[in-house]
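Student: Could you walk me through this one, and explain why things get the labels they do?

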Amino acid sequence: MKISHLGIAVKSLEEAGIRYGELFDLDEPHREIVEEQKVSILSFPVGDAVIELTAATAPESPIAKFIEKRGEGIHHIAFEVEDLQAELDRLKAAGVRLINETPREGAHDMLIAFVHPSSFNGVLVELCQRKG
Ligand code: ZN
């Protein structure tokens with residue numbers, strides 16, 4: 001298992017993009033829209049991991065709800081695994097509360113699933129697996 005990315009919920013992708021671009025001295029981050037999650041993403045590679053600035057593309061987006069409740073900030077930590085379904089089954093059997101019991105489409109051509117924050121000390125955990 002390794003850290004794939006950290007998701008940061010932001011109100012304005014453009015403003016946050018400029019800010020983080022300065023921090024990482026990088027002005028051409030990767031951009032992507034994930035329809036299924038109703039988010040748009042700016043990705044900054046940092047070593048083997050990625051910082052993902054994530055903004056809502058619709059009021060019912062989970063990111064919009066998160067910002068409404070808790071404000072901007074770190075939204076989730078994502079771990080890359082080899083076999084996502086096997087990990088979900090293993091965690092479920094161990095009594096971990098899953099948000100997604102089956103993989104769905106994520107950014108960067110990955111399959112993803114979320115684990116409920118109540119199972120990991122208030123931290124929303126995402127597991128992801130490279131496709132193919
Ligand atoms: Zn993520």
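Tutor: Sure, and let's begin with a word we'll need: two strands are said to pair if DSSP finds at least two bridges between them. Keep in mind that this is a predicted model.

Student: What makes strand 6 and strand 7 a pair, then?

Tutor: Strand 6 and strand 7 are joined by two bridges, in the antiparallel sense. The rule asks for at least two, so they count as a pair. Across that pairing, glutamate 105 stands opposite leucine 111 in strand 7.

Student: What sits in the hairpin of strand 6 and strand 7?

Tutor: Four residues lie between the strands, and histidine 108 takes a positive phi near 60° there.

Student: How do you know that strand 7 and strand 8 pair?

Tutor: Count the bridges again: strand 7 and strand 8 share six, also antiparallel. At least two are needed, so the label holds. One of the facing positions is isoleucine 112, opposite cysteine 128 in strand 8.

Student: Why is strand 7 called mostly covered?

Tutor: Strand 7 runs over residues 110-115, and five of its six residues are buried. Buried here means under 20% relative accessible area.

Student: Let's turn to the rings. How many aromatic pairs are there?

Tutor: Two. Take tyrosine 20 and phenylalanine 24, whose ring centres are 6.3 Å apart with 35° between the planes.

Student: Why is the pair of tyrosine 20 and phenylalanine 24 called tilted?

Tutor: First the distance: centres must lie within 6.5 Å, and 6.3 Å passes. Then the angle: stacked is under 30 degrees and edge-to-face is over 60, so 35° leaves tilted. Both residues belong to helix 1 (residues 13-24), and because they are four residues apart they are separated by about one helical turn.

Student: Are tyrosine 20 and phenylalanine 24 buried or partly exposed?

Tutor: Tyrosine 20 has a relative accessible area of 23%, and phenylalanine 24 has 27%. Partly exposed runs between 20% and 50%, so that is the label for both.

Student: What makes phenylalanine 24 and phenylalanine 44 an aromatic pair?

Tutor: Their centres are 5.8 Å apart, with 40° between the planes. That is within 6.5 Å, and the angle is neither under 30 nor over 60 degrees, so this pair is tilted as well. It links distant parts of the chain: phenylalanine 24 is in helix 1 and phenylalanine 44 is in strand 3 (residues 39-46), 20 residues apart. With a relative accessible area of 0%, phenylalanine 44 is under the 20% limit, so it is buried. Tyr20, Phe24 and Phe44 together form one aromatic cluster.

Student: Now charges. How do you know that glutamate 87 and arginine 90 form a salt bridge?

Tutor: Their side chains come to 2.8 Å, nitrogen to oxygen. The cut-off is within 4 Å, so the pair qualifies. They are three residues apart in helix 3 (residues 84-93), which means about one helical turn separates them.

Student: Why is glutamate 87 called buried?

Tutor: Its relative accessible area is 19%, and under 20% is buried, so glutamate 87 gets that name. Arginine 90, at 48%, is partly exposed, since exposed needs over 50%.

Student: How many salt bridges does the rule give?

Tutor: Seven. Among them is lysine 92 with glutamate 101, at 3.0 Å. Another joins lysine 131 and glutamate 105 at 2.7 Å. That one spans 26 residues, from glutamate 105 in strand 6 (residues 104-105) to lysine 131 in the segment after strand 8. Lysine 131 is partly exposed at 34%, and glutamate 105 is partly exposed at 39%. Glu105, Asp109 and Lys131 are linked in a network of salt bridges.

Student: One more: what makes His5, His76 and Glu126 donors of the zinc ion?

Tutor: Distance again. NE2 of His5, NE2 of His76 and OE of Glu126 lie 2.0 to 2.1 Å from the zinc ion. Nitrogen and oxygen atoms within 2.8 Å count, so these are donors. Histidine 5 is in strand 1 (residues 2-9) and histidine 76 is in strand 5 (residues 73-80), 71 residues apart. Both histidines are buried. Along the sequence, the donor spacing reads H-x70-H-x49-E.

Notes
Residues numbered from 1 in each chain as written. Predicted model: local features only at pLDDT ≥ 70, side-chain atom pairs only at ≥ 80, totals over all residues. Heavy atoms only, no water. Phe/Tyr/Trp six-rings, centres within 6.5 Å; stacked < 30°, edge-to-face > 60°. Buried < 20%, exposed > 50% of the residue type's maximum accessible area, 1.4 Å probe, protein only. Donors = N, O, S within 2.8 Å, 3.2 Å for Na, K, Ca; no water.
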